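Visitor: I'd like a close look at a single part of this one, please: the pocket where the ligand sits. Could you walk me through that spot?

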Amino acid sequence: MKICVLGLGYIGLPTALLLAAHGSDVVGVDVKQSVVDCLNNGELPFKEPGIEDLYLRAKDRFVARTEPVAADGFLIAVPTPLNPATKVSDLSYIKNAADMIAPHLRKGNLVILESTVPPGTSERVIIPRLEKSGVAIGDFLYAHCPERAIPGRTLEEMVSNSRVIGGYDRDSTDQATFIYQTFVRGEIYQTDTRTAEFVKLMENTCRDVNIALANEFAKLAEECGVNVWEAITLANKHPRVSILNPGPGVGGHCIAIDPWFLTENSTRCRMVSTAREINDLMPNYVLQIARNLLHEIKNPVISIFGVAYKGNIDDTRESPAFKFIQLAENEGYTVRCHDPYVREFPHPLMDMVEAAAGSDLIVVLADHDLFQTIDPARLRMRTKFVIDTRNILDHERWINQGFAVRVLGDGSLVHPVSLEESIPSMGQYPTNSARPIPISLPSSISLLSPDGRERYL
Ligand code: SAJ
């Protein structure tokens, strides 16, 4: 079978390579000449675990071009960004892809949409554009099969996750199922096109709302004198409770955007948009913590550790770091950035020691595992403040090196620096500021820390 995959990004390229590695002849199409050249020269435009090996297995059946060709099937995996001003989906890439396919569309062809779209987009926008080919829907087949892979584990998840396939009619659903069965090992669930569009948006909206709830819990915990990380760990021991983690905000190309796709045509939704607002305001909340720590320091310098939108990846799309940096600079702070994974970022990236040298505050924004093992003794700070928005650092180690550690969502008494405490002036901070709670526990009871480490009592 010959398949044209339009869009060779984080989803389109791995999908194209998986199809080719499992026997399809694949023409990968991207409007960017540089991506096409890179792939045809045997190079990959981005990193993802396992993709080099997959490329080697696929390359004999894969070629990249800037234009589609006649094929049996067409798969669209182009971006659907959000217009930041109107909070409405920008369908221009999808429309362009449909227009590029139309001249090549023949009777019996199948078109699959993987990109995330507002409910109804296939019927209202994509199918009519494809019909401009002169072939009517029914004579060509159409299905929506939203992607479900998480960056950092894309290949593994593309193969093992279950998939939802929503066809325009029975034939469309079955044909699309047949194609995905060549490489998907997870279950395939069949439905109609509009339901598939809705399901994808529900999945990511559920996650966004759950993160917003965790962020609310973090703020409430600070007010109540509780450590939210410990509280969430304990609440999640309940068999039907599964709270996500608080953090500096929600980034990435999906969770921060998809809820708007779900609600853009609705006048009824409150919870979904409120969750968006809560998550979007988290950088402001973290800046408020920073402001409280730095208020007595002249010309404060902030070092950001981790500008990726989450841990262990080099992806900065919609990262909360962008907003935090802009707010901090508008506040008059000098901002330096360090990220062990990210290579390209509008703000200059520095080595960790260099970023921290002479700085007054480290703000950990991304939960890179590497941060767990940082040796704070290497950091030559002017003032030893650190805000850990992900509860990822080895706090005891930092405290022992004279750092005042402020963990997002930790209002408990053991916490060394809380928002309400007065901040000592530069250089006067006690070297070990943790205040132990004098309690003794029976040996059968353990004090949990959310990451399984012993709590720093
Ligand atoms: N985050 C938190 N707290 C958490 C979990 C995540 O603050 O407990 C933040 C992350 O730091 C990040 C953002 O949320 O900034 C999103 O991260 P994520 O890991 O939840 O999601 P993505 O965007 O990397 O990938 C998601 C996945 N969706 C779900 O898990 C429902 C993936 O399966 C989807 O395929 C992908 O979106 C997509 O393309 O829709």
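**The pocket and its ligand**

Guide: Let's start with the walls. The second largest pocket has 41 residues lining it, and those nearest its centre are Ile150, Arg207, Ile211, Lys310 and Asp367. Keep in mind as you look around that this is a predicted model. The volume of this second largest pocket comes to about 1100 Å³. Which elements give two or more residues to its lining? They are α8, covering residues 193–224, and α9, covering 228–235. Of the elements, α8 gives the most to this lining, with five residues. As for the chemistry of the walls, the lining residues split into 14 nonpolar, 14 polar and 13 charged.

Now put the ligand in. The space that the ligand takes up is this second largest pocket. Around the ligand you'll find a shell of 20 residues, and the closest of them are Glu147, Lys200, Asn204, Arg207 and Tyr309. You've met Arg207 already, as one of the residues nearest the centre of the pocket. If you sort the shell the way we sorted the walls, you get nine nonpolar, four polar and seven charged residues.

Next, zoom in on a few atoms. Start with lysine 200: an N or O atom in its side chain is 2.5 Å from an oxygen atom of the ligand. At alanine 149, the backbone takes part instead, with an N or O atom 2.9 Å from a ligand oxygen. Glycine 251 also uses its backbone, where an N or O atom lies 2.9 Å from an oxygen atom of the ligand. How much of the ligand does the protein cover? On its own the ligand has 770 Å² of accessible area, and the protein covers 89% of that.

Before you go, here's another space to look at. Searching the whole structure for cavities of 30 Å³ or more turns up one, and the largest cavity has a volume of about 30 Å³. Its lining is made up of Ile3, Gly73, Phe74, Leu75, Leu110, Ile112 and Ile179. Two or more of the lining residues come from each of β4 (73–76) and β7 (110–113), and β4 gives the most, with three residues. What kinds of residues line this cavity? Six are nonpolar, one is polar and none is charged. Set that beside the lining of the ligand's pocket, where 13 residues are charged.

Note on methods
Residues numbered from 1 in each chain as written. Predicted model: local features only at pLDDT ≥ 70, side-chain atom pairs only at ≥ 80, totals over all residues. Heavy atoms only, no water. Near = heavy atom within 4 Å. Polar contact = N/O pair within 3.5 Å; in protein donor to acceptor, adjacent residues only side chain to side chain. Areas by Shrake-Rupley, 256 points an atom, 1.4 Å probe, with all protein chains shown as cover. 1 Å grid on protein atoms, 1.4 Å probe; cavity = no way out; pocket = protein on both sides within 12 Å on 5 of 7 lines; lining within 4 Å. Sits in = over half its atoms within 2 Å of the grid points. Nonpolar A, V, L, I, M, F, W, Y, C, P; charged D, E, K, R; others polar. Points joined across faces, edges and corners; volume = space filled by probe spheres on them. Helix = DSSP H or I, 4+ residues; strand = E, 2+ residues; numbered from the N terminus.
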